Amino acid sequence: MEMIKLILLVAVAYAFIEPGWAADVSCKTVDRAISTCGQYLIGMAFDPTAECCSGMRSIHDAASSTQARRETCNCIRQTVSMYSDLYDHAARMLTGKCGVKAGIPISRDIDCSR
């Protein structure tokens with residue numbers, strides 16, 4: 001019985017320490033964040049809004065494990081593919097314009113397997 005308690009205690013502690021367990025980003029979160037960048041992504045604004053950049057930083061910060069980055073990448077690709085009038089250059093520049101270092105690129109053609 002004591003061994004089971006110890007195992008459960010370690011598992012609970014690990015869930016709070018290991019960022020991959022707690023940092024999953026849902027596609028709904030990605031959709032919401034990218035939608036705030038819509039005017040910039042379709043060329044109607046020269047720069048992304050503060051709200052857009054805040055969303056990009058949140059997505060980047062939450063996708064801290066390799067698996068979470070891959071899942072987030074797939075969500076990004078799916079979301080930006082819905083923009084028929086997406087300016088690819090603006091999309092590729094988005095994370096840089098928002099000051100997100102080494103962020104997941106915003107692109108319809110991104111390879112999420114890397």
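Start by selecting Cys53 and Cys98: they form a disulfide with sulfur atoms 2.1 Å apart. The torsion about this S-S bond is about -75°, so the bridge is left-handed. It links distant parts of the chain, with Cys53 in helix H5 and Cys98 in the segment after H7, 45 residues apart. Both Cys53 and Cys98 are buried. The model is a predicted one.

Next, step back into helix H7 (residues 88-97) and select Thr95. Thr95 has 12% relative accessibility and therefore counts as buried. Beyond its neighbours within four places in sequence, Thr95 contacts Val100, Ile104 and Ile106.

Return to helix H5 (residues 50-62) for Cys52, whose disulfide partner, 15 residues away, is Cys37 in the loop between H3 and helix H4 (38-41). Their sulfur atoms are 1.9 Å apart. Here the S-S torsion is about 100°, so this disulfide is right-handed. Cys37 is buried at a relative accessible area of 1%, and Cys52 is buried at 0%.

Now select Cys27 and Cys75, a disulfide with its sulfur atoms 1.9 Å apart. Cys27 lies in helix H3 (residues 27-35) and Cys75 in helix H6 (residues 66-81), 48 residues apart. The torsion of about -75° makes the bridge left-handed. Cys27 is partly exposed at 30% relative accessibility, whereas Cys75, at 5%, is buried.

Finally, show the whole chain. The structure holds four disulfides, and the bonded cysteines, numbered in sequence order, pair as 1-6, 2-3, 4-7, 5-8. The secondary structure comprises seven helices and zero strands. Of the 114 residues, 35% count as buried.

Definitions and conventions:
Residues are numbered from 1 along each chain as its sequence is written. This is a predicted model: local features need pLDDT of at least 70, side-chain atom pairs count only at pLDDT 80 or more; totals for chains, interfaces and linings use all residues. Side-chain values use heavy atoms; hydrogens and water are left out. Helices (H or I, at least four residues) and strands (E, at least two) are DSSP runs, numbered from the N terminus. Buried means under 20% relative accessible area, exposed over 50%, partly exposed in between (1.4 Å probe, protein chains only). Contact means heavy atoms within 4.5 Å. A disulfide is a pair of cysteine sulfur atoms within 2.5 Å.
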